[in-house]
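Open the structure in your viewer and keep the selection tool ready. The stops below go from the whole chain down to single residues.

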Amino acid sequence: MLVAAAVCPSPPLLVPEVAAGAAAELEPLRAACAEAVAELVAAGPELIVVVGTGPEPEVWTEGGAGSFRRYGVGLAVRLPSGGVDGPELTPALTVGAWLLDRAGVALPTHACAVPADSPADRMAGLGKGLAGLADRVGLLVMGDGSACRSVKAPGYFDERAEDYDAAVARALGSADLAALAALDARLGAELQADGRAPWQVLAGAAEGTGLRARLGYQDAPYGVGYFVASWH
């Protein structure tokens, strides 16, 4: 059963070594993520599952590792338990592993990559399956909002982006499962919101739990919507 979740964005700039001179700009976001992860651990899960996007569906149940070498930084991280065999963690999952490592988490941890274009009903079913992996499951859900919030954003400016992110923030901050499940996959793709599929995994996992939510951060630095939320 799902007992808690932390929702965090997955920009590699969260990692100070990657951000370099811009590290201070994201310190409020970094602090919000650390608080959400701490609340996740405080809920007492037996198992943590990190969920984020990847090019193909993939699961890591015996450990896993990733690195930030693609960003010019010789930093490697691993999931808190298990080995490092198997495919490298996707970028989003690597940031999640970094957050857990930074928090000193030592709990058994799995990871699950989902393609950004995954159908909503499939994500809901996956979430229910993940919630049933242990008596007390915690999710670390990695994903960004729209990348089209300004002319300097990765996806340039789209006038629909701000309303889309506002709706996501409301849903994440109120544990509105129906609103998350109803997020449109096509619109999310057009707005380059890669968190849509992972958030719908969370919605499926939280069904019937009555979890409450708190939104800890909402902003769009660099024109990308970032949210941090705690569900417990």
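Start with the surface: the protein exposes about 9800 Å², and carbon and sulfur atoms supply 53% of it. Accessible areas come from the Shrake-Rupley method with a 1.4 Å probe, and for residues only the protein chains shown count as cover. This is a predicted model, in which local features need pLDDT of at least 70 and side-chain atom pairs count only at pLDDT 80 or more, while totals for chains, interfaces and linings use all residues. Residues are numbered from 1 along each chain as its sequence is written, and side-chain values use heavy atoms, with hydrogens and water left out.

**The whole chain**

Show the cartoon. There are eight helices and nine strands in the protein; helices (H or I, at least four residues) and strands (E, at least two) are DSSP runs, numbered from the N terminus. The radius of gyration is 16 Å, close to the 17 Å from the globule rule for 232 residues, so the protein is as compact as a globular protein of that length. That radius is taken over C-alpha atoms, and the rule is 2.2 Å times the number of residues to the power 0.38. Along the principal axes, the C-alpha atoms fill a box of roughly 45 × 40 × 30 Å.

Colour by burial next. Buried residues make up 51% of the 232 residues, where buried means under 20% relative accessible area, exposed over 50%, and partly exposed in between (1.4 Å probe, protein chains only). Of the contacts with a separation of 6 or more, 74% are between residues 24 or more positions apart; contact means heavy atoms within 4.5 Å.

**Strand β9**

Select residues 226-231, which are strand β9. How many of the residues of β9 are buried? Six of its six are. Y226, V228 and S230 lie on one side and F227, A229 and W231 on the other, and both faces are covered.

Add strand β1 (residues 2-8), which runs antiparallel to β9 and is joined to β9 by three bridges. Here V7 stands opposite A229. Then add strand β8 (residues 213-219), also antiparallel to β9, with six bridges between them. D219 stands opposite Y226. Two strands pair if DSSP finds at least two bridges between them. β8 and β9 form a hairpin with six residues between them, and Y222 in the turn has a positive phi of about 65°.

**The nonpolar cores**

In soluble globular proteins, nonpolar side chains tend to be buried together. A nonpolar core here is a set of buried Ala, Val, Leu, Ile, Met, Phe, Trp, Tyr and Cys residues joined through side-chain atoms within 4.5 Å. The largest core has 40 residues, and L29, V50, F68, L140, M142 and V228 touch the most other members. Elements that each supply at least two residues include β1, α2 (27-42), β2 (47-53) and β9. Helix α3 gives the most, with seven residues.

Centre on V228. Beyond its neighbours within four places in sequence, its contacts include V7, C8 and P9, as well as L29, A32 and L215. A second, separate core of 38 residues includes A161, L172, W199 and L211.

**Aromatic pairs**

A search of the whole structure finds two aromatic pairs. Rings of Phe, Tyr and Trp (its six-membered ring) pair if their centres lie within 6.5 Å; planes under 30 degrees apart count as stacked, over 60 as edge-to-face and the rest as tilted.

Select F68 and Y71: this pair is tilted, at 6.3 Å centre to centre and 40° between the planes. F68 is buried at 1% relative accessible area, whereas Y71 is partly exposed at 34%.

Move to W199 and F227, whose ring centres are 5.9 Å apart with planes at 70°, so this pair is edge-to-face. The pair links distant parts of the chain, with W199 in helix α8 (residues 196-205) and F227 in β9, 28 residues apart. W199 is buried at 0%, and F227 is buried at 1%.

**Two last residues**

Select L191, in the loop between α7 (185-190) and α8. Its relative accessibility is 0%, which counts as buried. L191 and S146 are 45 residues apart in sequence, yet 5.1 Å apart in space, C-alpha to C-alpha. Leaving aside neighbours within four places in sequence, L191 also contacts residues including C148, D158 and Y164.

Finish at T53 in strand β2. T53 is buried, with a relative accessible area of 15%. Outside its neighbours within four places in sequence, T53 is in contact with residues including T90, A113, D194 and P198.
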